[in-house]
Amino acid sequence: MGKQGKKIDAKRRVETDLIALGIATAAILMFVGTGGTVLPQIVRSWLTGVAGPDTLLMNALLLNIALIIFGMRRYRELMSEIEERRAAEAKAKRLAEIDPLTGCLNRRSIAPATDTLIQKCADKSQNIAFLMIDLDNFKQVNDLYGHKIGDEVLISAAERMQAILSEDALLARLGGDEFACVVTFDKASPDSVDQIASRLISAVSKVQKIEGFPVEITMSVGIATNILDARIEETPPDAQALLHRADIAMYQAKKQGKNRYFWFESSMESELRLRNELEQGIRRGIANGEFVPFYEQQVDLDSNELAGFEMLARWQSPDLGLVNPSIFIPVAEEIGVIAELSEQLIEQALIDARYWDPKLTLSVNISPIQLRDPWFSQKILKLLVKHNFPPQRLDIEITESCLHENIGVVKSMITSLKNQGVKISLDDFGTGYSSLTQLRTLPFDRLKIDRSFVGELNDEDASEKIVNAIISLGDGLDMPITAEGIEDDTILSALRGKGQLKGQGYHYGRPETAAQVRERLERLELLVNVSEVAESGDEAGLTEPTEKKQAQG
Ligand code: C2E
Ligand code: MG
Ligand code: MG
């Protein structure tokens with residue numbers, strides 16, 4: 001039955017109930033009227049044997065009695081119907097406030113329940129703490145064992161937390177793997193909240209077996225209280241504000257390595273705002289082409305000749321100026337736009353490098369996240385073909401942290417790139433944990449000694465030993481070496497004579513724009529004829545070097 005149908009039905013029932021009520025009332029009034037005359041006549045006829053009252057009057061009296069009984073029954077039915085309806089409404093309300101999986105409160109009900117608790121606590125001069133909880137590795141559990149086990153994990157997490165919380169505390173599941181607790185505490189002992197947070201974390205993280213699978217889960221917690229902070233507000237925060245603050249603190253806990261709790265501090269809010277602005281800026285920057293390649297020279301240390309350039313990303317932000325990759329690469333990785341950003345930069349670098357002498361190589365850095373993309377090597381090949389760039393001139397630098405990834409996937413990716421002719425270097429070597437086995441099984445073309453070792457070559461004996469060790473390791477594995485971070489003559493002299501090395505660093509100049517590179521190459525007579533490049537230009541019309549684009553932009 002539709003909503004409209006139900007409405008009409010209800011209206012009709014109200015009308016019939018009103019009529020029934022009217023009839024019963026009229027019947028009672030008539031009973032009083034007729035009964036007043038008829039009943040004494042009946043009694044008299046019994047006592048004296050005189051003829052009884054008129055049959056018509058008798059019938060009217062009997063009808064009255066029947067109508068009164070009918071009215072009473074309808075009234076009783078009505079009462080029980082109202083009772084039933086009240087119970088159904090209460091049940092619906094309860095269901096709307098409860099998370100069906102865990103039986104906790106839900107996102108909708110936690111805020112009003114918290115506000116009520118705040119009211120109650122104000123009378124007892126107590127405070128409340130709002131704990132925002134997020135399970136750290138729940139997605140993996142779901143992926144690994146399936147949703148049924150995932151549900152069991154959520155139920156058991158809720159039970160374990162409930163077991164720790166006192167009677168008056170609130171527990172809610174806000175959705176997915178997100179929970180919230182609200183606990184009361186004495187203003188004088190906020191450390192009781194710390195204790196609760198620690199106990200919650202250790203209770204939930206206890207390993208458990210679900211359907212035979214050993215499931216291990218950790219959680220991050222953010223805490224905010226309704227104690228007034230006169231520096232930032234005039235009135236104490238309400239439930240909605242507490243939820244927001246606890247969420248910010250929880251985000252900090254995640255950022256600081258998960259499996260821990262953090263109290264909200266007002267500085268976190270501005271940090272989060274900055275971070276949001278940064279994220280939006282990066283997304284906008286990609287759409288507006290604000291990311292540009294800079295280039296650092298790579299030199300053959302023996303001959304002192306230019307061998308190629310390493311492309312280093314820079315963000316020409318209209319708000320922040322020129323931004324270094326250490327600021328925006330990690331954020332781009334986190335928000336999932338690194339591949340798009342990197343491909344944009346590599347494409348631009350391929351276009352820029354077509355004006356360089358063909359003997360010059362182009363190195364590009366890629367993020368471990370890109371290596372997870374099974375289409376990565378196809379994407380690179382497509383770009384090479386599109387810009388008619390010889391694969392042998394391209395060198396892809398991957399950092400040691402890539403080796404923490406699934407090593408089989410990394411190996412097949414490297415092999416597939418190498419089959420196309422692309423070179424692969426291991427960047428920042430010495431800072432990570434690559435093992436000799438990995439170095440032997442992964443077919444790298446080159447090792448790049450991290451600048452932290454090279455930079456200290458001028459004074460520290462120990463570092464020289466490390467550099468020497470890496471160089472002989474490269475020799476043994478038949479992998480040529482590039483030394484990063486050559487900052488001055490002392491370092492350069494220390495490196496000379498240590499074998500056939502390439503080097504790069506501020507000694508040769510800071511990373512330059514595409515235009516500066518072209519000027520440099522022009523002086524060195526290492527620029528190819530621009531008209532030749534234009535003739536072999538690609539059909540997509542993407543042959544404009546970075547500086548032209550920048551000028552237009
Ligand atoms: P990296 O690949 O090791 O790049 C070398 C970094 O060292 C560059 O910093 C460069 O400016 C700096 N450098 C060069 N010579 C010297 C020197 O003599 N002394 C010192 N102290 N530093 C020197 P930059 O440009 O800030 O890049 C930092 C890191 O960001 C790079 O380290 C690379 O890992 C990453 N990166 C840069 N561009 C990209 C990119 O397009 N994609 C990805 N995924 N990462 C990138
Ligand atoms: Mg590099
Ligand atoms: Mg490096």
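Me: How many residues surround ligand 1?
Reply: In this predicted model, the closest residues to ligand 1 are Arg314, Asn365, Asp427, Arg451 and Glu487. Together with the others of the shell, the number of residues that surround ligand 1 is 22.

Me: Which residue offers a polar backbone atom to an oxygen atom of ligand 1?
Reply: Side chains also take part: an N or O atom in the side chain of asparagine 365 is 2.9 Å from an oxygen atom of ligand 1, and a polar side-chain atom of aspartate 428 lies 3.0 Å from one. These pairs count as polar contacts because their N or O atoms lie within 3.5 Å. The polar backbone atom, 2.9 Å from an oxygen atom of ligand 1, belongs to tyrosine 506.

Me: What percentage of the area that ligand 1 exposes when taken alone does the protein bury?
Reply: Ligand 1 sits in the largest pocket. Taken alone, the ligand exposes 790 Å². Of that area, the protein buries 86%.

Me: Which element gives the most residues to the shell around ligand 1?
Reply: Three elements give two or more residues each: β10 (305-317), α9 (325-334) and β14 (423-429). With 4 residues, the element that gives the most is β10.

Me: How many residues of the shell around ligand 1 are charged?
Reply: By class, the shell includes 9 nonpolar and 4 polar residues. The number of charged residues is 9.

Me: From which domains does the shell around ligand 1 draw at least three residues each?
Reply: One of these domains is made of two segments, 281-442 and 508-539. The other spans 445-507. They are domain 3 and domain 4.

Key
Residues are numbered from 1 along each chain as its sequence is written. Chains are lettered from A and ligands numbered from 1 in the order in which they are written. This is a predicted model: local features need pLDDT of at least 70, side-chain atom pairs count only at pLDDT 80 or more; totals for chains, interfaces and linings use all residues. Side-chain values use heavy atoms; hydrogens and water are left out. A residue is near a molecule or strand if one of its heavy atoms lies within 4 Å of it. A polar contact is a pair of N or O atoms within 3.5 Å; within protein, one must be able to donate a hydrogen and the other to accept it, and residues adjacent in sequence count only if both atoms are side-chain atoms. Accessible areas come from the Shrake-Rupley method with a 1.4 Å probe; for residues, only the protein chains shown count as cover. On a 1 Å grid over the protein atoms alone, a cavity is a set of points where a 1.4 Å probe fits but cannot get out, and a pocket is an open set with protein on both sides within 12 Å along at least five of seven lines; lining residues have an atom within 4 Å of a point. A molecule sits in a cavity or pocket if more than half of its atoms lie within 2 Å of its grid points. Ala, Val, Leu, Ile, Met, Phe, Trp, Tyr, Cys and Pro count as nonpolar, Asp, Glu, Lys and Arg as charged, and the others, Gly among them, as polar. Domain bounds come from an automatic or database domain assignment.
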